[in-house]
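Hi everyone, thanks for coming. I'd like to walk you through one structure today, so have a look at the screen and we'll go through it piece by piece.

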Amino acid sequence: MKNFDNLTQREILALAISLEEEDERIFADFAEGLRQDFPASATVFEGMRDEESGHRRRLIELYRKKFGEHIPLIRRQDVKGFVQRTPVWLTRPLGLDIVRREASAIEVETRRFYEKAAGRTEDASIRQLLDDLAQEERAHEDRAQELKEEELRPDVAQDEERARRRLFVLQIVQPGLAGLMDGSVSTLAPVFAAAFATRNPWDAFLVGMAASVGAGISMGFAEALSDDGSLTGRGHPWVRGLICGAMTALGGVGHTLPFLLPSFRMALAVAFVVVLVELGVITWIRHRYMDTPTVSAAMQVALGGALVFATGVLIGSS
């Protein structure tokens with residue numbers, strides 16, 4: 001890798017051309033990745049791509065005047081000091097907030113490059129162009145905001161907000177809720193069966209932890225292997241699996257921890273209260289994100305929890 005201070009004017013211009021081409025292609029990928037769910041924001045990034053394309057053309061024109069037709073291949077990874085970019089543009093579906101943060105970081109880095117490059121350039125025409133591009137990159141974020149205000153009319157913004165909510169529900173809420181319900185409800189039977197069978201809080205705790213962790217691992221793999229998200233838009237399978245598995249384990253551990261108390265009656269009472277809290281949280285999530293009526297969600301969750309709880313008590317007391 002070369003030090004930036006050792007670059008010639010020819011290499012600085014060649015590097016600038018390479019950076020603009022890379023940024024142009026990244027913004028094009030952003031636009032393509034957002035087109036299905038966020039079409040108005042995709043238009044914003046198409047405008048940013050067009051601006052980067054204009055910068056590249058101006059740089060090439062000046063390079064030809066100064067150094068001829070051949071442009072040496074020098075890229076960001078060939079020069080020290082550039083930040084390694086995470087290829088978020090390869091992810092599908094793209095997250096709108098992640099894309100905007102990455103675009104902002106790209107603009108800041110490019111502006112700093114132009115400012116530093118202009119300070120090292122002796123040729124007046126090259127310095128003028130680099131200074132101009134630095135100013136334009138500084139204003140790029142404002143331009144993006146203008147495009148956003150122009151393209152994202154109130155009705156369009158509402159559509160994009162609904163799309164964002166839909167993706168959040170598909171990728172985060174649904175696997176998390178499935179795990180929380182499974183962990184909170186399915187582990188009731190083994191935990192309370194062990195508690196009533198042994199009357200020993202520690203034994204109930206061990207059974208509960210084994211059931212919770214085991215269920216978390218099982219649910220995590222089941223969710224991750226269910227589909228790859230390419231057609232359903234449900235996001236990366238292993239992310240969903242991690243969310244589902246963690247929430248499953250958490251749902252079971254919640255009413256298992258009270259059995260660390262030495263008193264069996266006290267542990268049983270606290271565990272029962274925790275179960276009510278867990279079922280209340282599940283009801284709220286179903287109402288908040290799944291548009292299920294509160295009374296209906298509460299009855300469904302309470303009925304399922306009561307049946308599993310009764311099963312555990314009956315088996316443990318037999």
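Let's start with what I mean by an aromatic pair: two rings of Phe, Tyr or Trp, with the six-membered ring used for Trp, whose centres lie within 6.5 Å. And keep in mind that what you're looking at is a predicted model.

So, how many aromatic pairs does that rule give? The count comes to 9. Take Phe27 and Phe30: their rings sit 6.2 Å apart, centre to centre, with 55° between the planes, so the pair goes down as tilted, since planes under 30 degrees apart would be stacked and over 60 edge-to-face. Both residues belong to helix α1, 3 residues apart, and that is about one turn of the helix. Here's a bit of background for anyone new to this: an α-helix has 3.6 residues a turn, so residues three or four places apart point the same way. Are Phe27 and Phe30 buried or exposed? Phe27 is buried, and Phe30 is too.

Now compare that with Phe196 and Phe264. This pair is edge-to-face, with 90° between the planes and 6.4 Å from centre to centre. Here the partners come from distant parts of the chain: Phe196 is in helix α6 (residues 188-198) and Phe264 in helix α9 (residues 264-289), 68 residues apart. Phe196 counts as buried because its relative accessibility is 18%, and the cut-off is under 20%. Phe264 is buried as well, with a relative accessible area of 12%. There's also an aromatic cluster to find on your screens, formed by Phe4, Phe113 and Tyr114.

Okay, on to charges. In general, side chains of opposite charge can pair when their charged atoms come close. For this model, the count is 12 salt bridges.

One of them joins Arg35 and Glu46, with the closest N and O atoms 2.5 Å apart. Where do the two partners sit? Arg35 is in the loop between α1 (9-34) and α2 (39-67), while Glu46 is in helix α2, and the two are 11 residues apart. Arg35 is partly exposed, at 36% relative accessibility, and Glu46 is partly exposed at 21%. While we're at Glu46, look across to Asp29. Asp29 is in helix α1, and its relative accessible area of 31% makes it partly exposed. The C-alpha atoms of Asp29 and Glu46 are 9.3 Å apart, with their positions 17 residues apart along the chain.

Next up is Asp123 with Lys66, a salt bridge at 3.1 Å, N to O. Asp123 lies in the loop between α3 (96-120) and α4 (124-151) and Lys66 in helix α2, so this pair ties together parts that are 57 residues apart in sequence. Both ends are partly exposed: Asp123 at 22% and Lys66 at 37%.

Then we have Glu69 and Arg64, whose side chains meet in a salt bridge at 3.4 Å, N to O. Which end is exposed, and which partly exposed? Glu69 is exposed, with a relative accessible area of 61%, whereas Arg64 is partly exposed at 47%. And if you like networks, salt bridges link Glu22, Arg76 and Glu109 into one.

Last stop: helix α7, which covers residues 201-224. Does its length add up, or what should we expect? Well, at 1.5 Å a residue, its 24 residues should span 34 Å, and the end C-alpha atoms are 34 Å apart, so the two agree. At the start of the helix, a side-chain oxygen of Asn200 comes within 2.9 Å of the backbone nitrogen of Trp202. Several α7 residues are buried, including Pro201, Phe205, Gly208, Ala215 and Gly220.

What about the outside of the helix? Val213 is in α7, and it counts as partly exposed because its relative accessibility is 41%. Val213 also helps make a nonpolar surface patch of about 540 Å², together with Ile217, Phe221, Leu225 and Trp238. Which helix gives the largest share of that patch? Helix α7 does, with 3 residues.

That's my tour, so let's go back to the screen and talk.

Conventions:
Residues are numbered from 1 along each chain as its sequence is written. This is a predicted model: local features need pLDDT of at least 70, side-chain atom pairs count only at pLDDT 80 or more; totals for chains, interfaces and linings use all residues. Side-chain values use heavy atoms; hydrogens and water are left out. Patches are made of residues with over 30% relative accessible area and no salt bridge: like charges are joined within 9 Å, nonpolar side chains (Val, Leu, Ile, Met, Phe, Trp, Tyr) within 5 Å. Accessible areas come from the Shrake-Rupley method with a 1.4 Å probe; for residues, only the protein chains shown count as cover. A salt bridge is a side-chain nitrogen of Lys or Arg within 4 Å of a carboxyl oxygen of Asp or Glu. Helices (H or I, at least four residues) and strands (E, at least two) are DSSP runs, numbered from the N terminus. Buried means under 20% relative accessible area, exposed over 50%, partly exposed in between (1.4 Å probe, protein chains only). The expected span of a helix is 1.5 Å times one less than its number of residues. A polar contact is a pair of N or O atoms within 3.5 Å; within protein, one must be able to donate a hydrogen and the other to accept it, and residues adjacent in sequence count only if both atoms are side-chain atoms.
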